[in-house]
There are 2 protein chains.
Amino acid sequence: MFIAMNRFKVAKGSEEEFEKVWAERDSHLDEVAGFVEFRLLRGPEAEDHTLFASHTIWRDRDSFDAWTKSEAFRRAHAGAGTRKVLYLGHPQFEGFEVILEGR
Amino acid sequence: MFIAMNRFKVAKGSEEEFEKVWAERDSHLDEVAGFVEFRLLRGPEAEDHTLFASHTIWRDRDSFDAWTKSEAFRRAHAGAGTRKVLYLGHPQFEGFEVILEGR
């Protein structure tokens, strides 16, 4: 299994708007081959931002890679940037292989 | 739901030993109230280290906090540090609340 995480530093005061963007998005991920599960996570607060992470589980890295090259991916990201969310820097992508599980 | 992540920068060459520590540990997590799921993740490689993350899902933050104060927690971490794994810095803890799920 493969977990794709994107870490977002959302400026203080923008959190609600950021959550709205994700709640209203229409990703069609459930129609994509190899997609397992999606979660949006709210992490620790720093002085000037709150850390969020999108957290998507895939059957394997190849399924994720294929999705990033698909028309569905392009469509899912088409509206990005139109909302007034303030970020500190660019999102930071991290891909993880699951090497142990369960206990 | 609450996700507790610990991020470990494991020095190049120590990866195998690090994975062994986790594979052989005896956490008894499955007996702990509120525990849902555990995964060990291997993330991106930098020049001098490989990022790993332990990734534990809990029913809620309170269950996680209760576990960190328990005898089971003390026992699970008793053997830590006896293996010859080289780290770059201390593990970095991040707790996340799940705010969206599924699609």
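1. Let's start with a helix that reaches over to the other copy. Helix H1 of chain B, residues 15-24, lies across E4 of chain A, together with E1, strand E2 (35-45) and strand E3 (49-58) of chain B. Its direction runs at about 55 degrees to E4(A). A second helix of chain B, H2 (residues 61-68), packs on the sheet as well, where it touches E1, E3 and E4 of chain B. For H2, the angle with E1(B) is about 55 degrees. Do keep in mind while reading on that this is a predicted model.

2. While we're at H2 of chain B, have a look at Ser63(B), which sits in that helix. Is Ser63(B) buried or exposed? Neither label fits: it has 17 C-beta neighbours inside 10 Å, so it counts as partly exposed, given that buried needs 20 or more and exposed 12 or fewer. Setting aside residues up to four places away in sequence, Ser63(B) touches Ala33(B), Gly34(B) and Trp58(B). Ala53(B), on the other hand, is ten residues from Ser63(B) in sequence, with 20 Å between their C-alpha atoms.

3. Now the sheet that these helices sit on. Eight strands close into a barrel, and the pairing is antiparallel. Going round, the order is E1(A)-E3(A)-E2(A)-E4(B)-E1(B)-E3(B)-E2(B)-E4(A). On average, neighbouring strands are turned by 30 degrees against each other, ignoring direction.

4. Where do the two chains join within that barrel? One junction is E2 of chain A (residues 35-45) with E4 of chain B (residues 92-101), an antiparallel pair with four bridges. Here Leu41(A) has Val98(B) as its bridge partner. Another junction is E4(A) with E2(B), again antiparallel and again with four bridges. In that pair Val98(A) stands opposite Leu41(B).

5. Within the chains, E1 (residues 2-11) and E4 of chain A pair antiparallel over six bridges, with Asn6(A) opposite Phe93(A). In chain B, six bridges join E1 to E4, also antiparallel, and Phe2(B) has Glu97(B) as its partner there.

6. The E2/E3 pairing in chain B deserves its own point. E2(B) and E3(B) run antiparallel and share eight bridges, and they form a hairpin with three residues between them. Phe35(B) stands opposite Trp58(B) in this pair. Trp58(B) should ring a bell, as it is one of the residues that Ser63(B) touches.

7. Next, the core. Which residues touch the most other members of the largest nonpolar core? That core has 28 residues, and the ones in question are Ile3(A), Leu41(A), Phe52(A), Ile3(B), Leu41(B) and Phe52(B). Both chains are involved: E1, E2 and E3 of chain A, and E1, E2 and E3 of chain B, each supply at least two residues. As general background, nonpolar side chains tend to be buried together in soluble globular proteins.

8. Phe52(B) is a handy place to inspect that core. Leaving out neighbours within four places in sequence, it is in contact with Phe8(B), Val10(B), Phe18(B), Leu40(B), Leu41(B), Arg42(B) and Gly43(B). Leu41(B) turns up here again, having already appeared opposite Val98(A).

9. On to the contact between the copies, which takes 25 residues from chain A and 25 residues from chain B. On the chain A side, helix H1 (15-24), E2 and E4 each supply at least two residues. E4(A) gives the most, with eight residues. Sorted by class, this side of chain A has 13 nonpolar, four polar and eight charged residues.

10. Last, the symmetry. Chain A can be laid on chain B with an RMSD of 0.0 Å by a turn of 180 degrees and a shift of 0.0 Å along the axis. That is the relation of a two-fold axis. In chain A the C-alpha nearest the axis belongs to His55(A), at 5.8 Å. The interface agrees: 100% of the interface residues of chain A are also interface residues in chain B, so the copies meet through the same surface.

Note on methods:
Residues numbered from 1 in each chain as written. Chains lettered and ligands numbered in written order. Predicted model: local features only at pLDDT ≥ 70, side-chain atom pairs only at ≥ 80, totals over all residues. Least-squares fit on C-alpha atoms with pLDDT ≥ 70 in both. Contact = placed C-beta atoms within 7 Å. Pairing = 2+ DSSP bridges. Axes fitted to C-alpha atoms, helices over the stretch in contact; angles between N-to-C directions. Core = buried A, V, L, I, M, F, W, Y, C linked by C-beta atoms within 7 Å. Nonpolar A, V, L, I, M, F, W, Y, C, P; charged D, E, K, R; others polar.
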